[in-house]
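Q: I have a new model in front of me and would like to learn how to read it. Could we go through it together?

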Amino acid sequence: MHEVNLGERIAAWRRARGLTQRALAEAIGVTPAAVYQWEGTGDSRTSPSQSNLEAVVEALGLTIERFYGRLPKEAKAS
């Protein structure tokens, strides 16, 4: 079992909420490319700023504790 990185966590919760990268980006006021980079792998991956991470968590309807807790079952298979 591997440690889930921040980008994988964002992607898992986003998919569980039925949002596209574009929809999440629009909800928090960033470009779809920013969300793509947060969820990316390798050299293309970046991390959101603290304020953007807080906006992601809020847009997903989560608390920060829930966001960092157990991943949603719907997302684990993808």
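Q: Which residues are buried in α1?

A: A handy idea to begin with: an α-helix has 3.6 residues a turn, so residues three or four places apart point the same way. Keep in mind that we are looking at a predicted model. Here, the buried residues of α1 are Gly 7, Arg 9, Ile 10, Ala 11, Ala 12, Trp 13 and Arg 14.

Q: What sits at the start of α1, and what follows α1?

A: Let's take the two ends in turn. At the start, Asn 5 places a side-chain oxygen within 2.9 Å of the backbone nitrogen of Gly 7. After α1 comes Gly 18, which has a positive phi, near 75°.

Q: Is Arg 14 buried or exposed?

A: To decide, look at the relative accessible area: under 20% means buried. Arg 14 has a relative accessibility of 8%, so this residue counts as buried. Its place is in helix α1, which covers residues 6–16.

Q: Which residues is Arg 14 in contact with, leaving aside its neighbours within four places in sequence?

A: Setting those neighbours aside helps us see what the fold brings together. For Arg 14, the contacts are Leu 19, Thr 20, Gln 21, Leu 24, Glu 39 and Leu 60.

Q: Glu 39 is on that list. Where is the place of Glu 39?

A: Glu 39 belongs to helix α3, made of residues 32–39. With a relative accessible area of 14%, Glu 39 is buried too.

Q: What does Glu 39 contact, and which side chain joins Glu 39 in a polar contact?

A: Start with the wider list, then narrow down. Beyond its neighbours within four places in sequence, Glu 39 touches Gly 7, Ile 10, Ala 11, Arg 14 and Gln 21. With Gln 21, the side chain of Glu 39 makes a polar contact of 2.8 Å.

Q: Now for the whole chain. How many helices and strands does the chain have?

A: There are six helices and zero strands. The chain's radius of gyration is 11 Å, close to the 12 Å from the globule rule for 78 residues, so the chain is as compact as a globular protein of that length. Its C-alpha trace spans about 30 × 30 × 20 Å along the principal axes.

Q: What share of the chain's residues is buried, and what share of contacts joins residues at least 24 apart?

A: Of the 78 residues, 33% are buried. Among contacts between residues at least 6 apart in sequence, 58% link residues at least 24 apart.

Terms used
Residues numbered from 1 in each chain as written. Predicted model: local features only at pLDDT ≥ 70, side-chain atom pairs only at ≥ 80, totals over all residues. Heavy atoms only, no water. Helix = DSSP H or I, 4+ residues; strand = E, 2+ residues; numbered from the N terminus. Buried < 20%, exposed > 50% of the residue type's maximum accessible area, 1.4 Å probe, protein only. Polar contact = N/O pair within 3.5 Å; in protein donor to acceptor, adjacent residues only side chain to side chain. Contact = heavy atoms within 4.5 Å. Rg over C-alpha atoms; globule rule 2.2 N^0.38 Å.
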